Amino acid sequence: MNLSLFIAKRYIFSRKRHQVINIISGVAVAGVALAAAAMICTLSVFNGFLGIVEEQFTAIDPDIRIVSAQGKSFNKELESIGQVAALPAVDMVSYSVEDVAMVQYGGRQVMATIKGVDDNFGRLTNFGNALYGNGQFLLEDEINSYAIMGAELMQQLNCGIYFTAPLEVYAPNRKGNVNLTVPANNFKKDVLLSSGLVFVVNQPKYDAGYIITSESFARKIFRRMPGEVTSMALKVKEGESVSDTKDMVATILGDNFVVQDRYEQQRDVYKVMQIEKLISYIFLSFILLVACFNIIGSLSMLIIEKRDNMNTLRSLGAENSAIANVFVFEGCIISAVGAVLGVLLGLILCLLQQEYGFISLGNGDDFVADSYPVAVNLLDVAVVFVTVLAVGFMAVWLPVKALTRKFI
């Protein structure tokens with residue numbers, strides 16, 4: 001065993017002439033443990049919120065979404081599109097026509113995204129789980145087209161789920177000259193009837209801005225040609241890798257198309273959450289560094305107390321670096337003990353929160369979850385443990401080197 005490490009272990013458990021050294025060492029271990037536990041809990045809560053966002057998005061976002069890299073639309077009859085639809089890993093395909101239009105009801109006007117989907121949309125996504133009301137998932141019949149709008153958009157229009165008057169939809173003409181004398185001629189107008197359903201995915205982007213209807217209605221209101229669509233959605237077969245399937249699709253389609261998985265479809269949201277998680281980790285690391293200053297105080301007093309012992313070791317032939325390493329190792333041992341206790345404490349708190357949810361988000365229905373969601377990630381646990389050891393080492397190495405040169 002390394003002599004410096006052996007002596008450091010003996011000093012950890014041996015009695016000191018000054019009891020305050022033991023007290024400061026205990027405070028140092030507690031401070032490091034609490035900082036590590038805080039890091040575990042904070043990162044796990046961010047993972048929990050990220051999981052909730054993923055669950056909410058799956059109700060309307062497909063496994064893989066394909067859009068044109070140039071322009072808004074493409075022809076679904078292209079040979080490459082057919083090759084993608086025929087891939088063995090693809091379970092189902094859905095096409096949609098999507099664009100922005102103005103909707104009006106009872107004198108109220110708002111801008112909304114009209115998303116026209118085909119019959120496969122309901123089976124390709126979990127959209128049915130986000131529907132509320134007593135109507136049927138019916139987007140069109142032989143005569144009429146029907147609307148399923150987001151709950152917040154319904155409130156903005158004050159139309160209710162079962163609106164009695166038709167919902168007027170106005171879309172600007174894509175081609176032709178602008179008629180300044182008769183502005184109404186610059187718009188294509190059509191109406192949607194109530195389906196008796198409304199959807200809620202707890203995301204403002206959708207709940208306050210989307211109307212789901214039939215593909216034929218969207219094609220007509222936006223003057224799209226037969227076979228012309230704005231996006232293609234893929235459902236990957238169970239057991240198949242979404243990432244591998246996405247790579248195959250991207251290889252087939254080339255640079256003319258953009259292929260996105262669920263994370264890339266909501267890139268901004270995920271990026272913001274990852275940045276928030278990173279910033280929290282950095283701030284907690286600084287708090288951990290402050291907690292490690294207690295270790296320096298404990299080691300400073302120990303160096304003064306053991307000065308005679310260290311001089312004896314030097315007289316016996318021990319090098320100055322070996323003597324300094326005794327206290328570096330002791331600081332690292334304190335950090336390691338604090339890291340282990342902190343990780344265990346953090347995991348216990350996370351498990352208790354998962355099981356009992358004793359820290360709530362508040363009363364009422366304003367939140368997606370009743371209590372703070374927690375999801376423990378083993379990679380986060382490893383990162384926290386390594387961070388505590390690294391910060392602890394950096395916090396004691398330079399001060400210990402300076403103190404040993406001064407007092408020994």
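Biologist: Which backbone nitrogen lies 3.3 Å from a polar atom of the side chain of Ser-195?

Modeller: In this predicted model, that atom is the backbone nitrogen of Leu-197. The side chain of Ser-195 also reaches a backbone oxygen, that of Ala-147, at 2.8 Å. Ser-195 itself belongs to strand S8, which covers residues 187–199.

Biologist: Is Ser-195 buried or exposed, and why?

Modeller: A residue counts as buried when its relative accessible area is under 20%. Ser-195 has a relative accessibility of 10%, and therefore it counts as buried. Leaving aside neighbours within four places in sequence, Ser-195 is in contact with Gly-135, Gln-136, Leu-138, Tyr-146, Ala-147 and Ile-148.

Biologist: Which residues have the most contacts inside the largest nonpolar core?

Modeller: They are Ile-66, Leu-167 and Ile-211, in a core of 42 residues. Strand S3, residues 90–105, gives the most to this core, with seven residues. Setting aside neighbours within four places in sequence, the residues in contact with Ile-211 include Val-103, Ile-114, Ala-147, Ile-148, Leu-167 and Leu-192. Apart from this core lies another, of 24 residues, among them Val-45, Cys-350, Val-388 and Ala-395.

Biologist: Which helix gives the most to the nonpolar patch on the surface?

Modeller: Helix H12, residues 320–356, gives the most, with five residues. The patch, whose members include Leu-34, Leu-349, Phe-358 and Tyr-372, has about 850 Å² of accessible area together.

Biologist: How is Leu-349, in helix H12, classed by its relative accessible area?

Modeller: Partly exposed is the class between buried, under 20%, and exposed, over 50%. Leu-349 has a relative accessible area of 32%, so this residue is partly exposed.

Conventions:
Residues are numbered from 1 along each chain as its sequence is written. This is a predicted model: local features need pLDDT of at least 70, side-chain atom pairs count only at pLDDT 80 or more; totals for chains, interfaces and linings use all residues. Side-chain values use heavy atoms; hydrogens and water are left out. Helices (H or I, at least four residues) and strands (E, at least two) are DSSP runs, numbered from the N terminus. Buried means under 20% relative accessible area, exposed over 50%, partly exposed in between (1.4 Å probe, protein chains only). A polar contact is a pair of N or O atoms within 3.5 Å; within protein, one must be able to donate a hydrogen and the other to accept it, and residues adjacent in sequence count only if both atoms are side-chain atoms. Contact means heavy atoms within 4.5 Å. Patches are made of residues with over 30% relative accessible area and no salt bridge: like charges are joined within 9 Å, nonpolar side chains (Val, Leu, Ile, Met, Phe, Trp, Tyr) within 5 Å. Accessible areas come from the Shrake-Rupley method with a 1.4 Å probe; for residues, only the protein chains shown count as cover. A salt bridge is a side-chain nitrogen of Lys or Arg within 4 Å of a carboxyl oxygen of Asp or Glu. A nonpolar core is a set of buried Ala, Val, Leu, Ile, Met, Phe, Trp, Tyr and Cys residues joined through side-chain atoms within 4.5 Å.
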